[in-house]
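Q: Could you take a close look at a single part of this structure, beginning with one residue and its surroundings? Please then work outwards, so that the local picture is connected to the rest of the chain.

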Amino acid sequence: MCSSLELVLDHSALIPCGDKPEEEKQAIRKLGDILPSTNTTWYVTGKYLKDTQSTLGRKLEEHRPLPKLQSSLQRALWELLKLTRNRIYHCKSLPLSSNGEVRLKLHVLSRNAYNDLGQRGPKLYDTLNEFRNKYGIGGEDVEVVSIALLASIRTRSTVTLVTVDRGIIEVVEELKRRLGSLSEVNYLRLERPSELLAWISCTK
C-alpha cells in the first residue's frame, strides 16, 4: 500500500456528484473505498466537521450505497462533533471507526483553523483574505484552505489538499505565486481526486 499521506479533503472531494467531470466523480467513489485502508492522516477542525454535517448530510443520502470513507464519516460525525467541542481532543488523532476496521485517522487541529491562522502572523492571513475577496470563496472554503496551511505549519511536511473547487484551486495557486518563499505554502500540494487516485495506484 502507499506510504503515509497527510490530507485535507475539501467537501467537493467527498461528494460523487454535481458539476464535476465524470472522471472526478468516479475517482471520488474509488478514493472513498481505498483511503480508509491507507496510512492516512486527515486534518480537520470543529468548524470543518460542523460544515460537513450541514453540507453533506442531504447530498450523501442520494448516493447510497456510500463508499466506505463517506459511510464511516456519516456514522461517526455526531460523536466527532461532540469530542471536538472539548479542547482536550485538539491536536490529537481520532479513529474514524471504533472497531479498528478503518486505518485512516482524523487529526483535529483546532476548533477553527482560520482564526488560528490569524494568530500566526498577518502576512499569510491578510493575503488569504485578499484572495478570498478576489475569488469570492465562502467561509467553508476559507476554512479548508486554512486547515491545509495550519497543518503544513505544524507538521513541516507535505500536506495534500484534495479539491475540485475552482475557487479553492485559484486561491491556493495565487498563494503559491505570491508567498512561495514561505515554507508552509511550499509544503502545500494541490491535487484533484483523480490525481490522488493515480498517485496511490502507482505507489501500491
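A: Leaving aside neighbours within four places in sequence, Ser-194 is in contact with Glu-23, Glu-24 and Ala-27. The model is a predicted one, and every description that follows should be read as a description of that prediction. Ser-194 lies in helix α9, which covers residues 193–202, and its side chain makes a polar contact of 2.7 Å with the side chain of Glu-24. The C-alpha atoms of Ser-194 and Ile-28 are 7.6 Å apart in space, although 166 residues separate the two in sequence. With a relative accessibility of 15%, Ser-194 falls under the 20% limit and therefore counts as buried.

From Ser-194 one can turn to strand β6, made up of residues 188–191, and to its partner β5, residues 159–162. These two strands run parallel and are joined by four bridges, with Glu-191 of β6 as the bridge partner of Val-162. On its other pairing, β5 runs parallel to β1 (residues 5–9) and is joined to that strand by three bridges; here Val-8 has Leu-161 as its bridge partner. Strand β1 in turn pairs with β2 in the parallel sense, again over three bridges, and Leu-5 stands opposite Thr-40 of β2.

Within β5, Thr-160 deserves a closer description, as a residue of that strand that is buried at a relative accessible area of 2%. Not counting residues up to four places away in sequence, Thr-160 touches Glu-6, Leu-7 and Val-8, as well as Arg-189 and Glu-191. Its side chain and that of Arg-189 are joined by a polar contact of 2.9 Å.

In a regular strand the side chains alternate between the two faces of the sheet. In β5, Thr-160 and Val-162 point one way while Val-159 and Leu-161 point the other, and all four are buried. Strand β2 (residues 40–44) has five of its five residues buried, with Thr-40, Trp-42 and Val-44 on one side and Thr-41 and Tyr-43 on the other.

Ahead of β5 in the sequence comes helix α6, residues 139–155, and just after this helix Arg-156 takes a positive phi of about 50 degrees. The 17 residues of α6 should span 24 Å at 1.5 Å a residue, and the end C-alpha atoms are indeed 24 Å apart, so the expected and modelled spans agree. Because 13 of those 17 residues are buried, α6 is largely enclosed by the rest of the structure.

The largest nonpolar core contains 58 residues, and those with the most contacts inside it include Leu-9, Trp-42 and Tyr-48. Helix α6 gives the most to this core, contributing nine residues. Tyr-48 touches Leu-9 and Trp-42, and among its other contacts are Glu-143, Val-144 and Ile-147.

For the protein chain as a whole, the secondary structure comes to nine helices and six strands, and 54% of the 204 residues are buried. Among contacts between residues at least 6 apart in sequence, 76% join residues at least 24 apart. The accessible surface comes to about 9400 Å², with carbon and sulfur atoms accounting for 47% of that area.

Conventions
Residues numbered from 1 in each chain as written. Predicted model: local features only at pLDDT ≥ 70, side-chain atom pairs only at ≥ 80, totals over all residues. Heavy atoms only, no water. Core = buried A, V, L, I, M, F, W, Y, C linked by side-chain atoms within 4.5 Å. Buried < 20%, exposed > 50% of the residue type's maximum accessible area, 1.4 Å probe, protein only. Contact = heavy atoms within 4.5 Å. Polar contact = N/O pair within 3.5 Å; in protein donor to acceptor, adjacent residues only side chain to side chain. Expected span 1.5 Å × (residues − 1). Pairing = 2+ DSSP bridges. Areas by Shrake-Rupley, 256 points an atom, 1.4 Å probe, with all protein chains shown as cover.
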